[in-house]
Structures are given as C-alpha cells and as structure tokens.
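Me: I would like a close look at a single part of this protein. Please set that part in its wider context too.

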Amino acid sequence: METRFLGRSGLRVTPFAFGSWLTFGQGGPQNAGKMVDYALERGINFLDTADVYDNGAAESMLGRILTKHRRQHIVLATKVYWNMSDNPNDWGLSRKHIFESIDDSLQRMQTDYVDLYQCHRFDTTVPLDETVRAMGDLIRLGKVLYWGTSCWTGAQLREACEIADRLHVPRPISEQPPYNMLSRQIEDEVLPTCAELGIGVINWSPLAQGFLTGKYRPGVIPEDSRKAQLGMSGMFLDQVISNEEAYERLGRIEAVAQQFGIELPVLAVAWCLRRPELTSVILGASKTSQIEQNMKALEVEWTPELDAACEAACGGEPLQTA
Ligand code: NDP
C-alpha cells in the first residue's frame, strides 16, 4: 500500500489507520488480535489507540498483540488527556499528567517509544506553553517521536505552532478530528489551517460509528452491531439512529452509491479520502470482512460527477443532533 508523509514530517503512514476504541470492547482478546493482525497483513502500518480506551485495557491488549510483530514496521499512536482516575492530577495536559501517562502507556504497550503522542482534547485549564514544552521534552527523551492533537480548533493549532517555534521544540504534526458524510464541521476552519501549517489530518468515525453502512434502519438494530452490543448511550450513533434527518441523508447517499455502483461503506470512506488534506482515515471494525470491504475505498475513482452527486446528497449543513 502507498504511504504518505504525516503533515510536514518524515513519518510515512498508510492512507488507513486501524483504531482500537470500541473494537476491543467486542469479541474479546482473540477477535481483537485477529483484527489487528489482518489490518497489518493487508498493509496498514498505522495503529491508533488511547490510554482511556477501556481504561488502559485497549493499550494492554495492543501491547500483547504487537509482541508478534516487528515494532519498527508499525506507526503506533496513542493519546493523553482524559481522566484515568479520580485524582485531580490524573487528567488533562499538565506536565505531570503527560509525563506520568506516557510511562503508563509505554508499559501497557510493552514498548520503549510511541511514534505519535496525541493530546486527546485541548486543555483550557493548563497554559499551552506547559503542554508544548512537555511534548518537546518527551521527544528529547526519546519516549515519543512526534506529537499531535485531537479535536483542537484551527486557532489552538496555530497557537501551539507559534509556541513551539518560540520554544524551539517540534510542532504538532497531526490533528485527529471526527469527519464523515454527516459531520463536516472541520471543513471551514480546521482543514484549511492544517493545510497551511503542514499538519496532517487523520479522521475518526468515517462511517459515523457504523450508521453510514446502512445497517441501521428506523427501529432496526442488528444484533451483532456496536449499538446492540455496547449501548453507546449519549454517543453520536445513539443520536443519529433516532434522527429522521439522518435517515433522509442516508437515503440520498445510498441512491448515489447505487447510481455509481459503489458499496455504501466504500463510498463513505472514499468520500473522506477525496480531501487532499486528509492523510489517513482511521477505520474501526469488529470483523475482518469489514476491513476488507472498507479498504476498497482506495480503488474508487473520485470523478467530478461523483463529487457533485455526493455534495448534493449530504449537504454542508451540520446534522442537528441532541
Ligand atoms: P467508524 O465510524 O468507521 O465505525 C466503525 C464501526 O462500524 C465498526 O467497529 C463496525 O461496528 C462498523 N462497521 C465498520 N465497517 C463496516 C462495514 N463494512 N459493514 C458494517 N459495519 C461496519 O469508526 P469508529 O467510530 O470506530 O472510529 C475509528 C477509530 O477512530 C477508533 O477506533 C479510534 O481509534 C478513533 N477515534 C478517536 C476519537 C477521538 O476522540 N480522537 C473518537 C472516536 C474514535 P459494529 O460491527 O460493531 O457495528
């Protein structure tokens, strides 16, 4: 599979990353291992996780799986920010939390370094220069090779780059936002800022947590789905499966898929890849057949006709959710 530079860095990643947010909550360790092995076998070199996924269990599981693989061949990304306990210092982007979290993550993942360490949200309670300096120091210590962000605004990314330049520490190389045919909020500010600053974009929930596969229908929740297995209370999926407007958009997107002879999940992933600012799409999957199907998105030829039809189908307005 082709590789691309992640932002303005020398790090080469595949156009797909494989994520471990909820994947590892279903089917147990054996299924998780099968999924990661399959993603790597198919040529994906980029794995995304976070300390908070299953309160450390996702990182531990990934660590066990990775003992079978050559570490150098993998770009391993994890995250820090969300609280790991009730202790007031055990969350956020303070120097203390960042320094303690990286050691916990490295231990759980049985590795000496993380390729990409991402600030899982922006911390409004900590001076940004403290966070940027801490990231720079972890890079100097060799525990982290590059750093990135998740769900930061364009203005926050710009300020982080300015501080990094002033402190002579490396800038963030990537931003990880949500982006799919129902959630396009990043198009106005985040994508142009990332392009201007040389920050790579790796998007999450390309299938709106499974909704854009068309398997959820009003009042119908497949038994083997994420919604049936994990509830997803309060999550985007929980909101869209009872949202009439979401089904209307889905219907229009399905008609485009049919017209152009492209499977619906494949179209939804290809739609993300059409943007040149996007470096990698983070796939989630509970079955290897889903990875296989979604990876066909790379083969879709993105023509102006297909682009216009998708634009008309999904529109630019954010979906009204609760
Ligand atoms: P998606 O929107 O792609 O949803 C993936 C889920 O959809 C799968 O687990 C599966 O669930 C279902 N699915 C996928 N492909 C198919 C298919 N072809 N046919 C039918 N069902 C399918 O991505 P995620 O929401 O999982 O996000 C991907 C990754 O992004 C996460 O693992 C995580 O690494 C990252 N992430 C980051 C966040 C952040 O704050 N930075 C937040 C959220 C995610 P099932 O079969 O169980 O229904």
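Me: Is strand β5 (residues 75–80) largely enclosed by the rest of the structure or exposed, and why?

Reply: First, the ground rules. This is a predicted model, where local features need pLDDT of at least 70, side-chain atom pairs count only at pLDDT 80 or more, and totals for chains, interfaces and linings use all residues. Residues are numbered from 1 along each chain as its sequence is written, and side-chain values use heavy atoms, with hydrogens and water left out.

Strand β5 is largely enclosed by the rest of the structure, because 6 of its 6 residues are buried. Buried means under 20% relative accessible area; exposed means over 50%, and partly exposed lies in between (1.4 Å probe, protein chains only). Strands here are DSSP runs of E with at least two residues, helices are runs of H or I with at least four, and both are numbered from the N terminus.

Take the two faces in turn. In a regular strand the side chains alternate between the two faces of the sheet. On one side of β5 sit Val-75, Ala-77 and Lys-79, all buried. On the other sit Leu-76, Thr-78 and Val-80, also all buried. Both faces of β5 are thus covered.

Now the neighbour. Strand β4 (residues 46–48) pairs with β5 in the parallel sense over 3 bridges. Two strands count as paired if DSSP finds at least two bridges between them. Phe-46 has Val-75 as its bridge partner in β5.

That pair belongs to a barrel. Its 8 strands close in the order β3-β4-β5-β6-β7-β8-β9-β10, with parallel pairing.

Go round the barrel. Strand β6 (residues 114–119) is joined to strand β7 (residues 144–149) by 5 bridges, and the two run parallel. Leu-116 has Tyr-146 as its bridge partner in β7. Just outside β6, Tyr-113 lies in the loop between α3 (95–109) and β6. Tyr-113 counts as partly exposed because its relative accessibility is 21%. Its contacts include Arg-71, Gln-72 and Lys-143, leaving aside residues up to four places away in sequence. Contact means heavy atoms within 4.5 Å. Tyr-113 and Glu-2 are 111 residues apart along the chain, and their C-alpha atoms are separated by 24 Å.

Strand β8 (residues 174–175) holds Ser-174. With 0% relative accessibility, Ser-174 counts as buried. Beyond residues up to four places away in sequence, Ser-174 touches several others, among them Leu-116, Trp-147, Gly-148, Gly-200 and Ile-202.

Next comes the closing stretch. Strand β9 (residues 200–203) pairs with β10 in the parallel sense over 3 bridges. Val-201 has Leu-278 as its bridge partner in β10. Strand β3 (residues 16–19) is also joined to β10 by 3 bridges, and these strands run parallel. There, Phe-16 has Val-281 as its partner in β10.

Strand β10 (residues 278–283) is mostly covered, with 6 of its 6 residues buried. Leu-283 is found in this strand. It is buried, with a relative accessible area of 2%. Leu-283 and Phe-16 are 267 residues apart in sequence, but 6.7 Å apart in space, C-alpha to C-alpha. Leu-283 also touches Phe-16, and its other contacts include Ala-17, Val-269 and Met-295, again leaving aside residues up to four places away in sequence.

One helix deserves a word. Helix α10 (residues 264–273) is mostly covered: 10 of its 10 residues are buried. Among them are Leu-264, Val-269, Trp-271 and Cys-272.

Last, the whole chain. It has 12 helices and 10 strands. Of its 322 residues, 57% count as buried. Its radius of gyration is 19 Å, which agrees with the value near 20 Å for a compact globule of 322 residues. That radius is taken over C-alpha atoms, and the globule rule is 2.2 Å times the number of residues to the power 0.38. The C-alpha atoms fill a box of roughly 55 × 40 × 40 Å along the principal axes. Among contacts with a separation of 6 or more, 78% come from residues 24 or more positions apart. The chain exposes about 13800 Å², and carbon and sulfur atoms supply 49% of it. Accessible areas come from the Shrake-Rupley method with a 1.4 Å probe; for residues, only the protein chains shown count as cover.
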